[in-house]
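Q: I have a model open and would like to learn how to read it. Can you walk me through its features?

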Amino acid sequence: MKTRTSVARAAASVIFASALLVGTAGCTFFTPQATLVQYDATDGVSGRVGTVDLRNVVAIANEDGSAISLVVTMVNSGPREAAMKIQFDSDGTPTTVLKRVGTGEVVQFG
């Protein structure tokens, strides 16, 4: 009789532990992991042009919108140097700036 009581207690303990485990962690079986959702964790936006990642691209305008300042970080993950052409108007004159981004290099503009 003592053996039957020990087996019943062991079985009850296993069932209780299983129920506790499923009850506290079971929701992760059905919901997607938030770490798999890609998002921009800062104020800018991100993108990719060829092998160059554009990170935290932000355009900051003055109150009346007549002047805008562009801030961007460029990272080249390709095997060769990349040339990024940035075009804008400066005092009504079209201006082009060429930024070279070497392999594995981080270049900031703004």
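Q: Let's start with strand pairing. Which residue in strand 3 is the bridge partner of Ala59?

A: Keep in mind that this is a predicted model. To read pairing, go across from one strand to its neighbour and look for the bridge partner. For Ala59, that partner in strand 3 is Leu70. Strand 2 and strand 3 run antiparallel, and eight bridges join them.

Q: How many residues sit between the strands in that hairpin, and which glycine there takes a positive phi?

A: For a hairpin, look at what links the two strands, then check the backbone angles. The hairpin of strand 2 and strand 3 has six residues between the strands, and Gly65 takes a positive phi near 75°.

Q: And how do strand 1 and strand 2 pair?

A: Read them the same way. Strand 1, residues 45–49, pairs with strand 2 in the antiparallel sense, over four bridges. Take Gly47: its bridge partner in strand 2 is Leu54. Two residues lie between the strands in this hairpin, where Gly50 has a positive phi near 65°.

Q: What does Ile60 touch, leaving out residues up to four places away in sequence?

A: For contacts, set aside the sequence neighbours and see what remains. Ile60 lies in strand 2, and on that count it touches Ala67, Ile68 and Ser69. You can also check a C-alpha distance: Ile60 and Val71 are eleven residues apart along the chain, with their C-alpha atoms separated by 8.0 Å.

Q: Now the inside. Which residues make up the largest nonpolar core?

A: Here you look for buried nonpolar side chains that join up. The largest such core has ten residues: Val52, Leu54, Val72, Met74, Ala82, Met84, Ile86, Val101, Val107 and Phe109. At least two of them come from each of strand 2 (52–61), strand 3 (68–76), strand 4 (82–90) and strand 6 (106–109). Strand 4 gives the largest share, three residues.

Q: Pick one core residue, Met84. What does Met84 touch, not counting residues up to four places away in sequence?

A: Quite a list: Val49, Val52, Leu54, Met74, Val97, Leu98, Lys99 and Val101. Val52, Leu54, Met74 and Val101 are also members of the core.

Q: How many salt bridges are there?

A: The general idea is that side chains of opposite charge can pair when their charged atoms come close. Here the count comes to three. Arg100 and Glu81 form one of them, at 3.7 Å from N to O. Arg100 lies in strand 5 (residues 93–101) and Glu81 in the loop between strand 3 and strand 4, so this pair ties together parts that are 19 residues apart in sequence. Arg100 is partly exposed at 48% relative accessible area, while Glu81 counts as exposed at 51%.

Q: Which residues do salt bridges with shared partners join into one network?

A: Look for a residue that turns up in more than one pair. Arg48, Asp53 and Arg55 are joined this way. Arg48 bridges to Asp53, with the closest N and O atoms 2.5 Å apart, and Arg55 meets Asp53 at 3.7 Å, N to O.

Q: Is Asp53 buried or exposed?

A: Compare the relative accessible area with the cut-off: under 20% is buried. Asp53 has 16%, so Asp53 is buried. Arg55, with 40%, is partly exposed.

How values were computed:
Residues numbered from 1 in each chain as written. Predicted model: local features only at pLDDT ≥ 70, side-chain atom pairs only at ≥ 80, totals over all residues. Heavy atoms only, no water. Core = buried A, V, L, I, M, F, W, Y, C linked by side-chain atoms within 4.5 Å. Buried < 20%, exposed > 50% of the residue type's maximum accessible area, 1.4 Å probe, protein only. Contact = heavy atoms within 4.5 Å. Pairing = 2+ DSSP bridges. Salt bridge = Lys/Arg side-chain N within 4 Å of Asp/Glu carboxyl O.
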